[in-house]
Amino acid sequence: MPAQRKPYHPPALSAYLPPAGGAPGYLMGATGPQGFGSAALYVAQIPGRLAREVIVRHHYSHSIVNNSYIHLGVFREGAFEGVLQWGYALQPARAGKVVAGTVQGQYLELNRMWLSDDAPRNTESRAISYALKYIRRACPGVAWVQSFSDERCKGLGVVYQACSFLYLGAHLTTFYLLDGEIYHMIAATARGRGGRSAYLRANIHRAQEVRWRQFRYIRFLKSDWRRRLRLPVQPYPKPGA
């Protein structure tokens, strides 16, 4: 029996007509909004199974985040170009320490993003912008979103800077390298879970421990929530700084 749909989740996946014009707009289905964009570029809901398969195959981590519950495909001129997955943070209970008073369903984290190398340079920022417009309509209770750029992929979060996210600083996070795979430190203590977490715990003695910086970015979808921010906004990090 499928799990009961939570009230803050987006409308159930349903059929929609792809956009035909040049002016961006919402893609509507029988259950509600399914995406946003124009014929040149749009984002739209795709099955979670497909999103996970694409991420495992193409994302640099080759791993999924089980916390994701919004799965958006990126389509450029009708061709499938990438995936954005949104959901809970790795540590959902700490959301209120970032923005005071935040409860489940009032924030989202961009858990995974992958776009084809064939996509033009600005496609990432446009896809994120369209995804945020979709989230505003499909999940009206969401007040803010956050994402991290990892030093392990040599990124400072330039795409989030282009999307006018606020930068909240960087922190060092422990990762484990094991048999060519990268594991977040949480996987080492995630008791009761199988799969990759169980494999890491069983082979932790062989894993190499490394520490990389993660750069935190936040964007408010409800402007009046900005005053609840509990972390100081900092200047954008730049190469060589």
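**View 1. Asn111, a buried residue in strand E6.** At 9% relative accessibility, Asn111 counts as buried, since the cut-off for that class is under 20% relative accessible area. This is a predicted model, and in it Asn111 sits in strand E6, which covers residues 107-115. Leaving aside residues up to four places away in sequence, Asn111 touches Val65, Asn67, Ser68, Gln85, Trp86, Gly87 and Tyr88. Worth having on screen together: Asn111 and its contacts, among them Trp86 and Tyr88.

**View 2. The salt bridge between Glu53 and Arg49 in helix H1.** Of the 2 salt bridges in the structure, one joins the side chains of Glu53 and Arg49, with an N to O distance of 3.4 Å. Both residues belong to helix H1 (residues 48-58) and lie 4 residues apart, so about one helical turn separates them. How accessible are the two partners? Glu53 is partly exposed at a relative accessible area of 36%, while Arg49 reaches 52% and is exposed.

**View 3. The salt bridge between Glu81 and Arg76.** Here is another pair to look at: Glu81 forms a salt bridge with Arg76, and their closest N and O atoms are 2.9 Å apart. Side chains of opposite charge can pair when their charged atoms come close. Is Glu81 buried or exposed? With a relative accessible area of 7%, Glu81 is buried. Its partner Arg76 has 24% relative accessibility and counts as partly exposed, because the buried class ends at 20% and the exposed class starts over 50%.

How values were computed: Residues numbered from 1 in each chain as written. Predicted model: local features only at pLDDT ≥ 70, side-chain atom pairs only at ≥ 80, totals over all residues. Heavy atoms only, no water. Salt bridge = Lys/Arg side-chain N within 4 Å of Asp/Glu carboxyl O. Helix = DSSP H or I, 4+ residues; strand = E, 2+ residues; numbered from the N terminus. Buried < 20%, exposed > 50% of the residue type's maximum accessible area, 1.4 Å probe, protein only. Contact = heavy atoms within 4.5 Å.
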